[in-house]
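Open the model in your viewer and show side chains as sticks. The stops below go from one selection to the next.

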Amino acid sequence: MGRRSREAPDDAGGSAERGAPDRDELTAVVAALHFDLAEVLGTDCAPKVFDRVAAALDEQFTSVVTTGQTVDREMLLTGVWSARNTQPGLEIAVSDVREIARSGNLVIVRFTAENRMAGVVTRRVSTAVLVTDGRTHLWRSVHETSTPAES
């Protein structure tokens with residue numbers, strides 16, 4: 001079953017002047033999207049899970065994926081929909097969530113995501129721009145860089 005790790009990172013990060021609630025909230029936002037992605041890709045989940053992924057992405061969303069290709073919201077969602085339930089047992093663990101900067105309604109966050117499936121582990125460090133109204137967060141942009149998985 002696709003799922004995320006609920007392990008709390010050793011240090012959820014964030015700027016020194018920000019309190020734990022901000023770190024916890026950003027960690028929850030990052031983990032929630034990755035949990036839903038693992039559900040869609042790794043199980044025969046209800047369509048509402050895919051709908052949550054789509055709803056989390058800003059209309060202007062773009063991403064630079066680990067191959068260096070730039071994709072927009074439509075391309076990403078089309079790919080995720082096409083790949084649903086093709087990676088049984090996929091788990092995505094999120095750690096090291098750190099707020100890099102905050103200005104107005106934008107929050108920049110860096111985190112590590114680790115995919116685990118059938119004994120294979122892939123890891124990437126990502127930087128994301130989130131748009132917030134103070135209550136909700138939408139993903140505007142993500143840049144992923146592959147890194148070696150730890151043994």
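Which side chains meet in a salt bridge at 3.1 Å, N to O? Select arginine 123 and glutamate 114: their side chains form that salt bridge, a term for a side-chain nitrogen of Lys or Arg within 4 Å of a carboxyl oxygen of Asp or Glu. Arginine 123 and glutamate 114 are both buried (buried is under 20% relative accessible area, exposed over 50%, partly exposed in between, with a 1.4 Å probe and protein chains only). Add Arg116 to the selection: salt bridges that share partners join Glu114, Arg116 and Arg123 into one network.

A note on the model before moving on. It is predicted, with local features needing pLDDT of at least 70 and side-chain atom pairs counting only at pLDDT 80 or more, while totals for chains, interfaces and linings use all residues. Residues are numbered from 1 along each chain as its sequence is written, and side-chain values use heavy atoms, with hydrogens and water left out.

The structure holds seven salt bridges. For another of them, select aspartate 58 and arginine 140, which meet at 2.8 Å, N to O. Aspartate 58 is in strand S2 (residues 57–64) and arginine 140 in strand S7, so the bridge ties together parts 82 residues apart in sequence. (Strands are DSSP runs of E, at least two residues; helices are runs of H or I, at least four; both are numbered from the N terminus.) Aspartate 58 is buried at 8% relative accessibility, and arginine 140 is partly exposed at 24%.

Next, select glutamate 99 and arginine 102, a salt bridge of 2.9 Å, N to O. Glutamate 99 is buried at 8%; arginine 102 is partly exposed at 33%.

Now turn to the rings. A search of the whole structure finds two aromatic pairs (rings of Phe, Tyr and Trp, the last by its six-membered ring, with centres within 6.5 Å; planes under 30 degrees apart are stacked, over 60 edge-to-face, the rest tilted). Select phenylalanine 50 and tryptophan 81: this pair is edge-to-face, 4.9 Å centre to centre, with 65° between the planes. It links helix H2 (residues 47–56) to helix H3 (residues 73–82), 31 residues apart. Phenylalanine 50 is buried at 14%, whereas tryptophan 81 is partly exposed at 37%.

The second pair is phenylalanine 111 with tryptophan 139, edge-to-face at 6.1 Å centre to centre and 85° between the planes. Phenylalanine 111 lies in strand S5 (residues 106–117) and tryptophan 139 in strand S7 (residues 137–147). Phenylalanine 111 is buried at 1%, and tryptophan 139 is buried at 2%.
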